[in-house]
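Open the model in your viewer and keep the selection panel at hand. The tour starts inside the protein and works outward.

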Amino acid sequence: MNFQYPFAFSFRAASGFDSFLVAPANAELLAMLRGFESDPQPFCFLWGASGSGKTHLLQAMCHESSSAIYLPLKELAQYGPACLDGLADSAFLVFDDIDAVLGEQAWEEQLFSLFNLQQGSGGKLCMAASCNPQSLQTRLPDLRSRLQLALVYELKALDEAARAEVVRERAALRGIELGPELLAFLLTRSPRGMDDLMQMLEKLDTLSLAEKRRITIPFIKDTFGW
């Protein structure tokens, strides 16, 4: 994986395909992303609600790639579009939160130029946003046209029942028994993202072992300040 990029941003070591919680509706998407680097399709676009797992999947692609460069535009926006200079010869660019910079002329011009150079050199592009390409607000019509050429997939979030079952099963693997009351308390107060929930379970597990306390509602309240 290529990490030769001069900006620091969050990259989760645990964000692999095997650790992603797959809803049946996302099985085709997951298969596409796993094989995308060797697929003849040069450009894919992933969209879905906040917390649905877009960042996890983009970073999973980078974990398994020898050439992908992960570019979280929400974090890179502060540096300006010039931070993308020098990427035209890259074999595989992965843009997260592309909608964070759309609507700004300079960013759109930089992205449009980079997309054209990638297309001309045979490079690969994958990107994610909170809505589909047709709904993105762009200033440059040509950029909108480029975005609509992508292979587009919607990442569907787990429904409440599936979300609860996944959390219960993952807790059980850690030896944590989450009864209905405890599980409901945790889910109604926690963030929607499954990655966040898994990190919360890990914290509860670690602290309960360290403090030799059972995981109860008071313990959860103490741990997270609820």
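**Stop 1: the largest nonpolar core.** This is a predicted model. Select F45, L84, F95, I98, L111, F115 and L147. Within the largest nonpolar core, which has 28 residues, these seven touch the most other members. Now colour the elements that build this core. Those giving two or more residues are strands β1 (43–47), β2 (68–72), β3 (92–96) and β4 (124–129), plus helices α3 (73–76), α4 (105–121) and α5 (141–147). Which element gives the most? It is α4, with 5 residues.

**Stop 2: F45.** Centre on F45 and show what surrounds this residue. Leaving out residues up to four places away in sequence, F45 touches I98, M127, A129, C131, N132 and P133. The list continues with L136, L147, A150, L151, V152 and Y153. Two of these partners, I98 and L147, were also in your selection at the previous stop.

**Stop 3: another core.** Next select L158, M198, M200 and L204. They are among the 24 residues of another core, which lies apart from the one containing F45.

**Stop 4: two domains.** Colour residues 17–154 as domain 1 and 160–224 as domain 2, following the domain assignment. Their centres, taken over C-alpha atoms, are 32 Å apart. Where they meet, domain 1 contributes 4 residues to the contact and domain 2 contributes 7.

Show the surface between them. About 410 Å² is buried there, and carbon and sulfur atoms give 57% of that area. Which three residues supply most on the domain 1 side? Select L21, G51 and H56: together they account for 87% of the area that domain 1 buries against domain 2. Do not look for salt bridges between the two domains; the count is 0.

**Stop 5: the whole chain.** Zoom out and switch to cartoon. The chain has 9 helices and 5 strands. Trace them from the N terminus: the order is α-β-α-β-α-β-α-β-α-β-α-α-α-α. Along its principal axes, the C-alpha trace spans about 60 × 35 × 30 Å. Of the 226 residues, 47% are buried. Take the contacts with a separation of 6 or more: 73% of them join residues 24 or more positions apart.

**Stop 6: confidence.** Finish by colouring on pLDDT. The chain mean is 87, and 92% of residues reach 70 or more. Select β3, where confidence is highest, at 96. Then select helix α6 (residues 160–173), where it is lowest, at a mean of 82.

Key
Residues numbered from 1 in each chain as written. Predicted model: local features only at pLDDT ≥ 70, side-chain atom pairs only at ≥ 80, totals over all residues. Heavy atoms only, no water. Core = buried A, V, L, I, M, F, W, Y, C linked by side-chain atoms within 4.5 Å. Buried < 20%, exposed > 50% of the residue type's maximum accessible area, 1.4 Å probe, protein only. Helix = DSSP H or I, 4+ residues; strand = E, 2+ residues; numbered from the N terminus. Contact = heavy atoms within 4.5 Å. pLDDT = per-residue confidence, 0-100. Domains from an automatic or database assignment. Buried area = accessible area lost by both parts, 1.4 Å probe. Salt bridge = Lys/Arg side-chain N within 4 Å of Asp/Glu carboxyl O.
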